[in-house]
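Dear colleague,

Here is the structure I said I would pass on. My notes on it follow below.

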Amino acid sequence: MMLDHVRDFARYNSWVNRRLYAACAQLSDEDYRKDRKAFFHSIHNTLNHLLIGDRIWLARLAKTDHGVKRLDEILYDDFAALRSAREAEDERLERYVDGLDGAQLASILSYTTMAGPVGALPVATILSHLFNHQTHHRGQVHAMLTQTNVPAPPLDLLYYAIEKAGQGRN
Amino acid sequence: MSVALFQTLGHFNAWVNERLYESCSELPKDDYTRERKAFFGSIHKTLNHILVVDQLWRGRIEGWKPSIKSLADVPCENFADLRAARETEDVALVKLVSGLDAGRLETAVGYRFLDGTPAEAPLDLLLITLFNHQTHHRGQVHVMLTQSGITPPPLDILDFHMDPARQET
């Protein structure tokens with residue numbers, strides 16, 4: 001059912017972010033910050049954007065103030081600090097979905113968009129957007145990684161599922 | 001996992017591929033086929049790879065075998081053919097998810113990897129893998145597009161839900 005799906009996906013999300021950050025940790029500072037003409041320019045800026053997107057949505061879901069002014073804000077200029085914040089955010093997301101029940105998942109959340117107007121969507125739709133948004137930008141980071149000399153790891157959901165099931169098969 | 005989720009993802013997928021392909025159609029041929037050190041090289045090869053993997057999974061789910069030798073196969077040599085094949089594939093994927101029920105989602109699908117190794121996984125895991133895999137590689141194509149000076153419209157699920165022109169699910 002849908003609850004199991006969002007809980008599994010939150011765990012995949014933590015797993016895949018750890019993989020991607022482990023690869024990014026091997027980059028030189030120059031490669032990490034280089035403007036590669038992605039939508040958010042660099043690996044550094046794209047990873048910051050992902051954290052911002054998640055913070056905005058988790059704040060809306062928790063009905064707290066996200067405090068974010070811009071989608072291209074740099075929350076952490078230092079990779080180590082960004083990595084710690086990413087891990088904390090992923091744990092927070094896991095805790096959030098673990099605390100959900102079916103009724104909350106189906107409920108409609110009203111929120112104020114960055115541009116001002118009010119939006120309203122089911123929580124399940126918001127979570128599916130959040131997870132898809134992460135995969136999209138991780139794909140961008142992956143494409144930027146393969147343009148460096150650091151190997152880009154496979155990030156497929158199936159690899160996570162197989163590792164979790166302990167089958168050890170690619 | 002819910003049937004409704006996959007039906008929405010099926011329609012989102014068709015909608016977002018149309019958006020991405022429309023942006024790719026604006027590229028000069030050189031930019032479209034240029035080797036850019038993405039995992040599958042170019043925009044052309046990455047789009048082919050997505051199609052290849054979708055057909056592999058759909059074949060495994062529906063019990064037929066596409067003639068695919070490698071994940072790097074390029075079944076469509078030119079963009080127009082690839083675009084037509086993509087549209088056909090997306091219609092087939094929407095049809096597949098339209099026919100689902102909750103019981104079937106939990107059933108195990110037996111399949112073989114390209115090297116012949118047998119494997120088995122529940123249908124819902126295979127479908128979420130398929131849709132997530134598409135988004136991953138569309139993200140790669142997005143970088144290669146902006147590197148060519150073309151910024152596609154937003155590819156987010158949120159924009160799909162907000163688009164008045166989208167197909168109702």
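A residue is called buried if 20 or more other C-beta atoms lie within 10 Å of its own, exposed if 12 or fewer do, and partly exposed in between, with C-beta atoms placed from the backbone. Helices (H or I, at least four residues) and strands (E, at least two) are DSSP runs, numbered from the N terminus.

This is a predicted model, in which local features need pLDDT of at least 70, side-chain atom pairs count only at pLDDT 80 or more, and totals for chains, interfaces and linings use all residues. Residues are numbered from 1 along each chain as its sequence is written, while chains are lettered from A and ligands numbered from 1 in the order in which they are written.

Confidence

The model has an ipTM of 0.94 and a pTM of 0.95. For chain B the mean pLDDT (the predictor's confidence in each residue, from 0 to 100) is 94, with 98% of residues at 70 or more. Among the elements of chain B, H4(B) has the highest mean, 98, and helix H5 (residues 102-105) the lowest, 91.

Helix H4 of chain B

H4(B) covers residues 79-98, and its end C-alpha atoms are 28 Å apart. That agrees with the 28 Å expected for 20 residues at 1.5 Å a residue, the span being 1.5 Å times one less than the number of residues. Buried in H4(B) are B:Leu82, B:Arg86, B:Asp90, B:Leu93 and B:Val97. They lie on the same side of H4(B), because they cover an arc of only 80 degrees around the axis, taken from the directions from the helix axis to the C-beta atoms. Their cover includes helix H1 (3-24) and helix H3 (43-62) of chain B. The exposed residues on the other side of H4(B) are B:Ala80, B:Asp81, B:Ala84, B:Thr88, B:Val91 and B:Lys95.

Contact between the chains

Chain B and chain A each put 31 residues into the contact; two residues are in contact if their C-beta atoms, placed from the backbone, lie within 7 Å. On the chain B side, strand S2 (118-122), H6 and H7 each supply at least two residues, and H6(B) gives the largest share, 16 residues.

B:Asp156 sits in the loop between helix H6 (123-147) and helix H7 (157-162) of chain B. B:Asp156 counts as partly exposed because it has 18 C-beta neighbours inside 10 Å. Leaving out residues up to four places away in sequence, B:Asp156 touches A:His129 and A:His133.

Regards
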